[in-house]
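Here is a walk through one protein model, starting with its open space and moving on to the helices, loops and rings. Keep the viewer open and follow along.

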Amino acid sequence: MGAGPNWTKEEYDYLMDNWGKRSLGCIAKHLNRSDNSIKIKVFKLGLGAFLDAGEYITLNQLSIALGRGTVSDYMLTSWVENRGFPIKYKIVDTCKFRIVYLTDFWKWAEKNRTFIDFSKVEKNMLGEEPPWVKEQRKADQLKAIQYKKSPWTPKEDVELKRLLKKYCYSYLELSKELGRTSGAIQRRICDLGLKERPIKPDNHIKWESGELEQLAALIKNGVSYALMAEKLGKSDKAIRGRVYASYKTENLDSVMKMIGTGSWGDGKPVPLVRQDFRKGAVKNDLSRLTRLLLMHRNQLCFDGYWQKDMCTHWDEVKGCTAGESDCDSCASFQRIKEQYCRRCGATIISRTEKHICDRCAEMRKKQAQRKFAVLHSRGAGFEQEENPAC
């Protein structure tokens, strides 16, 4: 097989301009040459590897440059799926690679800057940096100094126990004293099995509208709970509680989607009964339950006589003994009077007069049966003694 046609200047220029930008197959098809001839020419020209020749880097290279190591499942879920990280795909021969264009990365990083620790990123490692990166790098360096991330030392454990025994420090104050985040302090207290707890802040201090709008702005900017606590002057536990009270979740990604471009309170979901009950919103709230029953009485097959189980004028066979057509227009309603058991004091709801509840009546019945059985067995024994021949 002979050598192929000589390369022209136009072909050289096209290869150098598009190497790393267009796929190998696309370049070969445009130049009407084989893939192998393109690779040989690239090697002779010293253009380098395909993935090193474009205005992008692989996702793995980016993760290492950001000080996060190789790509993890958390990064793919938290960054790519939840926050729309701009990844593309490049096919080289039969291999498929995840790549990131640096211009797209800086646009995404500006909106999610709190999820990147720029103190670990070498200056200009990812090309020319936008102006805001300089300020963010300083803030991350101060944060790294302010909050420790190293393992707890025995000396810190002793100091934590000493401060807790004073019963005068909140999570926010302990965070400033120990240089640890509130979450780290809470986990350490559980790990050590300490019974003492930080004092709770005054829950009666209401959030002002300006604070809530500031909280919404921080959430939309992707700020973490620890930084929110610094900016708002509240503990991250208090912020988490306020977020959950409104949006029934502490996941900031979910809350960010609910708020969208609106303000605080927009996109708030309708809480489930179990969510309200867990927070005590409908606990022992019988009036709300009554309203729900009134609203859905037809669905519950109560028909018009939805108060029949509470009225003294209802008969299971005859129906309403007062002659009313329904409970909504009833003027003869009379609530069943509560009675109390003489034995245990339990409340009895009955249209007839009762002095003992059903439970105590059953107990008395069994007691009488046992007594009868004992007496009967004794009587039979006496008869046998009197008549030994039997």
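Let's start with the walls of the largest pocket. At least two lining residues each come from α5 (73-83), α7 (132-146), α9 (171-178), α10 (182-192), α12 (225-232), α13 (236-247) and α14 (252-259). Of the elements involved, α10 gives the largest share, with five residues. Bear in mind that this is a predicted model.

The pocket holds about 1,100 Å³ of space. Its lining runs to 40 residues, and K143, K149, T181, S224 and A226 are the ones nearest the centre. If you sort that lining by class, you get 15 nonpolar, 11 polar and 14 charged residues.

There is an enclosed space to look at as well: the count gives one cavity of 30 Å³ or more. The largest cavity has about 90 Å³ of space. Around it sit Y305, Q307, K308, C311, H313, W314, C320, E324, D326, C327, C330 and F333. Here are the two linings by class:

| Space | Nonpolar | Polar | Charged |
|---|---|---|---|
| Largest pocket | 15 residues | 11 residues | 14 residues |
| Largest cavity | seven residues | two residues | three residues |

Zooming out for a moment, the protein is built from 17 helices and seven strands. Its chain has 390 residues, and 32% of them are buried. Take the contacts between residues at least 6 apart in sequence: 46% of these join residues at least 24 apart.

Now for a pair of helices. Which residues of α8 are buried? In this helix, which spans residues 154-164, they are E156, D157, L160, L163 and L164. Looking down the axis of α8, you'd find these buried residues within an arc of 130 degrees, so they line one face of the helix. P154, K155 and V158 are exposed on the other side of α8. The cover over the buried residues of α8 includes α9 and α10.

α9 can be read in a similar way. Y171, L174, S175 and L178 are its buried residues. Viewed down the axis of α9, they fall within an arc of 105 degrees, so this helix too has its buried residues along one face. Among the elements covering them are α8, α10 and α13. Just after α9 comes G179, with a positive phi of about 70 degrees.

A couple of loop residues deserve a look for their backbone angles. As background, most residues other than glycine have a negative phi. Y167 is not a glycine, yet its phi is positive, at about 55 degrees. You'll find Y167 in the loop between α8 and α9. K248 is another non-glycine residue with a positive phi, about 60 degrees in this case. K248 is in the loop between α13 and α14. Is K248 buried or exposed? Its relative accessibility is 16%, so K248 counts as buried.

E196 brings us back towards α8. This residue is in the loop between α10 and α11 (209-220). E196 has a relative accessible area of 18%, so it counts as buried. Setting aside neighbours within four places in sequence, the contacts of E196 are L164, K165, Y167 and I189. Y167 in that list is the residue with the positive phi of about 55 degrees, while L164 is one of the buried residues of α8. E196 can also be placed against L163: they are 33 residues apart in sequence, with 9.7 Å from C-alpha to C-alpha.

Last stop, the aromatic rings. The structure has eight aromatic pairs. In the pair formed by F85 and W108, the ring centres are 4.8 Å apart and the planes lie at 85 degrees, so this pair is edge-to-face. The two partners link distant parts of the chain, 23 residues apart: F85 is in the loop between α5 and β2 (88-92), and W108 is in helix α6 (residues 102-111). F85 counts as buried because its relative accessibility is 4%, and W108 counts as buried at 7%. Both rings belong to one aromatic cluster, formed by W79, F85, F105, W106, W108, F118 and W132.

Methods
Residues are numbered from 1 along each chain as its sequence is written. This is a predicted model: local features need pLDDT of at least 70, side-chain atom pairs count only at pLDDT 80 or more; totals for chains, interfaces and linings use all residues. Side-chain values use heavy atoms; hydrogens and water are left out. On a 1 Å grid over the protein atoms alone, a cavity is a set of points where a 1.4 Å probe fits but cannot get out, and a pocket is an open set with protein on both sides within 12 Å along at least five of seven lines; lining residues have an atom within 4 Å of a point. Grid points are joined across faces, edges and corners, and a volume is the space filled by probe spheres set on the points. Helices (H or I, at least four residues) and strands (E, at least two) are DSSP runs, numbered from the N terminus. Ala, Val, Leu, Ile, Met, Phe, Trp, Tyr, Cys and Pro count as nonpolar, Asp, Glu, Lys and Arg as charged, and the others, Gly among them, as polar. Buried means under 20% relative accessible area, exposed over 50%, partly exposed in between (1.4 Å probe, protein chains only). The arc is that of the directions from the helix axis to the C-beta atoms. Contact means heavy atoms within 4.5 Å. Rings of Phe, Tyr and Trp (its six-membered ring) pair if their centres lie within 6.5 Å; planes under 30 degrees apart count as stacked, over 60 as edge-to-face and the rest as tilted.
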